[in-house]
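User: Hey, I'm new to this one. Can you walk me through it?
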There are 2 protein chains.
Amino acid sequence: MYIKSIDMLSLTEENYLKTIFSLSYPNDTVVGTNEIAKSLTVNPASVTDMLKKLYHKEMIDYIKYQGVKLTKIGKDKAIDIVRKHRIWEYFLVDKLNFSWDEVHDIAEQLEHIDSPLLITRLYDFLGNPPFDPHGEPIPNEAGVLTEISENINLESCLKQQKIKVTKIIDDSATLLQYLTKIHIGLGSVIEILEVNDYDKSMEVIINNEKNIILSWEITKKIYGIYC
Amino acid sequence: MYIKSIDMLSLTEENYLKTIFSLSYPNDTVVGTNEIAKSLTVNPASVTDMLKKLYHKEMIDYIKYQGVKLTKIGKDKAIDIVRKHRIWEYFLVDKLNFSWDEVHDIAEQLEHIDSPLLITRLYDFLGNPPFDPHGEPIPNEAGVLTEISENINLESCLKQQKIKVTKIIDDSATLLQYLTKIHIGLGSVIEILEVNDYDKSMEVIINNEKNIILSWEITKKIYGIYC
DNA sequence: CACAATATTTAGGCTTATCAAAAATTATTT
DNA sequence: AAATAATTTTTGATAAGCCTAAATATTGTG
């Protein structure tokens, strides 16, 4: 039988931590109650309740009306969940042939499985990959999350620049399916032909073959390195 | 985001169904409240509450004070969970090199992951094995659970008979570790030298090498075929 | 058959996670 | 600086699962 230790978190608590982490990433930004509520599609009142609880468990620094920050413990816990999520996503794509747009919801469940040994063994089985299928770095066992420093957001690129796609920072199936359709994947090369000053959309060439216009919303989600 | 459909079961409901299934297996025996309570280490009053709920969800036939039986729907649901449990156990042993005594608790968590496609893909990835690491049959996608008809319980064997082990019907780590220690695993050959009438213990030879006495409690957990 | 033992259910409460509505605090605007 | 808007918290309720103690039903025994 499974024994629950004192500092074990419920599935809900884990999801709150994960949300706070992603809203505060990468600069440990202070996060507000409404923001969390929106992100979890939950009532702000529920968030306040949970924040009190997480504060007593020393997972967050919390001052009424002022917002929250993760403590070291809370952040470690959140990163551990992110690690599990990304390792499972890699497994699903690499071993079970899922496409990158299918894995998020399943990994969302698998990330809560509690067995450090399982994750160690699984990660070894996968050959210790550094990135998940969307190009996001997989934190190491010590909770260190290393981003590629040369990564640039497509949004901030200029006319005539060329980047090789390294990361998509959105798990939504619709976006990922659209990108697949227009032949954008990790490793694709995007060359910027024109930037529209009014709506920040970009006319680009994908892999030297496809001529297309990307909206600002989409360029914000794509990262790459100059090439 | 994950959408909860009307007939979706909670983790707790799934565990009740699984328990009722295993207590009623293989002859659809009627199961009592206390029995379920003991099995789940829960108060009988809690069981009554849950039985009412499962009755309303048409998962069980339930008459007050008389005990319960799974309906077709309930049984299908239970078998699906068993299927997932056994497939995950196989994965853990075959791909991640866990030993047969380590997998139960992890599979207990993994069995609740909700993604039929995941299970289909995983089962294919494993090469569609017919049995789990303890020799239990893996139900097929249609919910058909086929036991090996030649299987005999070691308990009911007689002096001088010899069986090849095909199944252990207990997930407890301590039992499985003990069996490993005395070199009993799937495929081991057990020859019965003597049966003690008083306590039903057996003196046996394992794999033609090890001479040992097995208690009745243990012989009840071991199944095999004559050889 | 009646009485005791056992099994099951009911009643009343607790905790976790949620919500809506009202109150309090902080931020923004005139 | 006062009024208004936005955000956050408090208050009071609800549902799921669980508990203990008390009541009721069933089963077993003399």
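Analyst: Sure, one term to begin with: a residue is near a molecule or strand if its C-beta atom, placed from the backbone, lies within 6 Å of it. This is a predicted model, where local features need pLDDT of at least 70, side-chain atom pairs count only at pLDDT 80 or more, and totals for chains, interfaces and linings use all residues. Residues are numbered from 1 along each chain as its sequence is written, with chains lettered from A and ligands numbered from 1 in the order in which they are written.

User: OK, how many residues surround DNA strand C?
Analyst: There are 21, and the closest are A:Ser10, A:Asn43, B:Gly32, B:Asn34 and B:Ala45.

User: Which element gives the largest share there?
Analyst: That's α3(A), with 5 residues. Helices here are DSSP runs (H or I, at least four residues), numbered from the N terminus.

User: And which residues come nearest to DNA strand D?
Analyst: A:Gly32, A:Asn34, A:Ala45, B:Ser10 and B:Asn43, out of 21 around that strand. α2 (33-40) and α3 of chain A, plus α1 (11-24) and α3 of chain B, each give two or more residues to that surface. α3(B) gives the most, 5 residues.

User: Switching topic: how many residues does the contact take from chain A and chain B?
Analyst: 16 from chain A and 15 from chain B, where contact means C-beta atoms, placed from the backbone, within 7 Å. On chain A's side, α5 (104-110) and α6 (116-125) each supply at least two residues, and α5(A) has the largest share with 5.

Conventions:
Two residues are in contact if their C-beta atoms, placed from the backbone, lie within 7 Å.
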